[in-house]
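Work through the exercises below with the sequence and the structure at hand. Each task is followed by a solution in steps.

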Amino acid sequence: MPKNSDTITAIATPPGRGGIGIVRVSGNKTKDIFKALTGSSPKVRLAEFVSFKSSDQKIIDKGIVLYFKAPASYTGEDVMECHAHGSRIVLGMLLEEIISLGARSAMPGEFTERAFLNNKIDLVQAEAIADLIDSNSKKAARSALQSLDGVFSNSIYQLRNRVFNAKALIEAALDFPEEEGIDIDVTPAAKDIRECLQLLNALLIKAESGRVLDQNPAVVIVGRPNAGKSSIINNLSGIDSAIVSKIPGTTRDIIKEKVLIGDYAVTLIDTAGIRETRDEIEIAGVEKTHNALRVADVILHIQDQSDDSTNQ
Ligand SMILES: Nc1nc2c(ncn2[C@@H]2O[C@H](COP(=O)(O)OP(=O)(O)OP(=O)(O)O)[C@@H](O)[C@H]2O)c(=O)[nH]1
Ligand SMILES: [Mg+2]
């Protein structure tokens with residue numbers, strides 16, 4: 001477990017090329033790093049255009065710097081964000097300079113871990129941040145944002161309080177038996193527990209739909225050889241990942257592509273289909289189809305219009 005007193009830093013924007021790239025710093029050395037890197041004192045929550053300079057006064061880049069004073073920051077510590085140009089080289093040089101000024105590289109999720117340790121967010125919200133970053137449909141993003149806003153956490157806290165109240169009442173009834181002349185009515189506790197069970201069931205249903213949003217539903221494509229299965233996956237994904245040919249039995253392996261259908265991201269899975277065959281490789285392909293069907297949320301059966309057989 002890293003020491004919470006360390007100052008951590010990381011490139012916050014995804015790898016690759018972009019107009020803007022951000023390096024984030026959090027911890028008690030942030031203010032000193034700010035001064036050394038920009039040559040000026042931090043102004044809280046004010047976007048400032050600065051030159052980011054190395055210790056030998058060479059300009060690394062020019063950009064915007066932001067400073068958040070503890071505890072009013074994402075992590076609850078002093079935080080600085082350097083908005084530079086989105087080149088991996090520039091961002092790498094900035095990161096190197098910040099490390100040479102006393103910070104260390106953050107581990108994955110460490111900024112959010114600190115936000116949790118400093119009571120800025122609870123575990124449900126920490127998970128919601130990961131869900132929001134990973135969301136691949138508008139609905140999943142909205143759902144994660146609701147959790148981040150504390151909607152799910154509040155339901156859990158309410159449940160917890162009602163269970164504690166019921167427990168306290170039952171314990172009191174046990175501690176003061178009737179012979180002592182104090183008669184405690186536990187009916188409210190029974191009512192509380194019944195209502196908690198209903199709330200729990202409602203939460204479980206919500207959580208299940210959240211889980212489905214998290215994992216893209218698997219749409220498995222089956223149908224006779226040459227029905228056009230691979231053509232469908234290629235057309236819907238816009239990527240020629242599956243070989244299309246008029247030779248029946250072309251596809252043997254499982255081919256997966258993520259596609260957006262309306263607001264929903266789904267994983268399309270092209271298969272060899274199910275057919276009688278003696279060919280060893282095709283048998284393996286049909287076996288893979290069976291495995292894919294076991295995890296299917298939706299089975300898409302493709303049939304050539306001219307094929308009037310009802311088999312498969
Ligand atoms: N006319 C017509 N031909 C199509 C259509 N869809 C696919 N084809 C053709 O049908 C042949 C088979 O298409 P594939 O997409 O490879 O079919 P498949 O179901 O993946 O076939 P296997 O992988 O061999 O099981 C190819 O020659 C395609 O060009 C369509 O909608 N209309
Ligand atoms: Mg195919």
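**Exercise 1: the metal site**

T251 counts as buried, at 10% relative accessibility (buried means under 20% relative accessible area, exposed over 50%, partly exposed in between, with a 1.4 Å probe and protein chains only).

This is a predicted model, in which local features need pLDDT of at least 70, side-chain atom pairs count only at pLDDT 80 or more, and totals for chains, interfaces and linings use all residues. Residues are numbered from 1 along each chain as its sequence is written, chains are lettered from A and ligands numbered from 1 in the order in which they are written, and side-chain values use heavy atoms, with hydrogens and water left out.

Task: find which residues coordinate the magnesium ion (ligand 2), and place them in the chain.

Solution.
- Step 1. The donors to the magnesium ion (ligand 2) are S230 (OG) and T251 (OG1), at 2.0 to 2.1 Å. Donors are N, O and S atoms within 2.8 Å of the metal (3.2 Å for Na, K and Ca); water is not among the atoms, so the site may look incomplete.
- Step 2. S230 belongs to helix 8 (residues 229-237) and T251 to the loop between helix 8 and strand 8 (255-261), so the pair ties together parts that are 21 residues apart in sequence. Helices (H or I, at least four residues) and strands (E, at least two) are DSSP runs, numbered from the N terminus.
- Step 3. S230 is buried, with a relative accessible area of 7%.

**Exercise 2: the four-stranded sheet**

Task: give the order of the strands in the open sheet of four strands, then describe how they pair.

Solution.
- Step 1. The order is 8-9-7-10, with mixed pairing. Two strands pair if DSSP finds at least two bridges between them.
- Step 2. Strand 8 and strand 10 (298-302) are the edge strands, each with a single partner strand, so one side of each has no neighbour in the sheet. On average, neighbouring strands of this sheet are turned by 30° against each other, direction ignored.
- Step 3. Strand 8 and strand 9 run antiparallel and are joined by seven bridges; V259 stands opposite V266 in strand 9. Their hairpin has two residues between the strands, and G262 there takes a positive phi near 60°.
- Step 4. Strand 7 pairs with strand 9 in the parallel sense over four bridges, and V219 stands opposite L268 in strand 9.
- Step 5. Strand 7 (residues 218-223) also pairs with strand 10 in the parallel sense, over five bridges. V220 has I299 of strand 10 as its bridge partner.
- Step 6. Six of the seven residues of strand 9 are buried. Helix 8 lies across strand 7, strand 8, strand 9 (264-270) and strand 10, and runs at about 150° to strand 9. Contact means heavy atoms within 4.5 Å; axes are lines fitted to C-alpha atoms, for helices over the stretch in contact, and angles run from 0 to 180 degrees between N-to-C directions.

**Exercise 3: helix 6 and its surroundings**

Task: compare the expected span of helix 6 with the distance between its end C-alpha atoms, then find what A189 touches.

Solution.
- Step 1. Helix 6 (residues 151-175) has 25 residues and should span 36 Å at 1.5 Å a residue; its end C-alpha atoms are 36 Å apart, which agrees. The expected span is 1.5 Å times one less than the number of residues.
- Step 2. S153, L159 and A166 in helix 6 are buried.
- Step 3. A189 lies in helix 7 (residues 187-214) and is buried at 1% relative accessibility. Leaving aside residues up to four places away in sequence, A189 touches A166, L169 and I170. From A189 to I170 the C-alpha distance is 7.1 Å, across 19 residues of sequence.

**Exercise 4: backbone exceptions**

Task: locate the cis peptide bond, and the loops that hold N119 and N226.

Solution.
- Step 1. Most residues other than glycine have a negative phi, and most peptide bonds are trans.
- Step 2. The cis bond joins A70 and P71, with omega about 0°; P71 lies in the loop between strand 4 (59-68) and strand 5 (79-86).
- Step 3. N119 has a positive phi of about 60° and is found in the loop between helix 3 (110-117) and helix 4 (123-134). N119 is exposed, at 69% relative accessibility.
- Step 4. N226 has a positive phi near 70° and sits in the loop between strand 7 and helix 8. N226 is partly exposed, at 38% relative accessibility.
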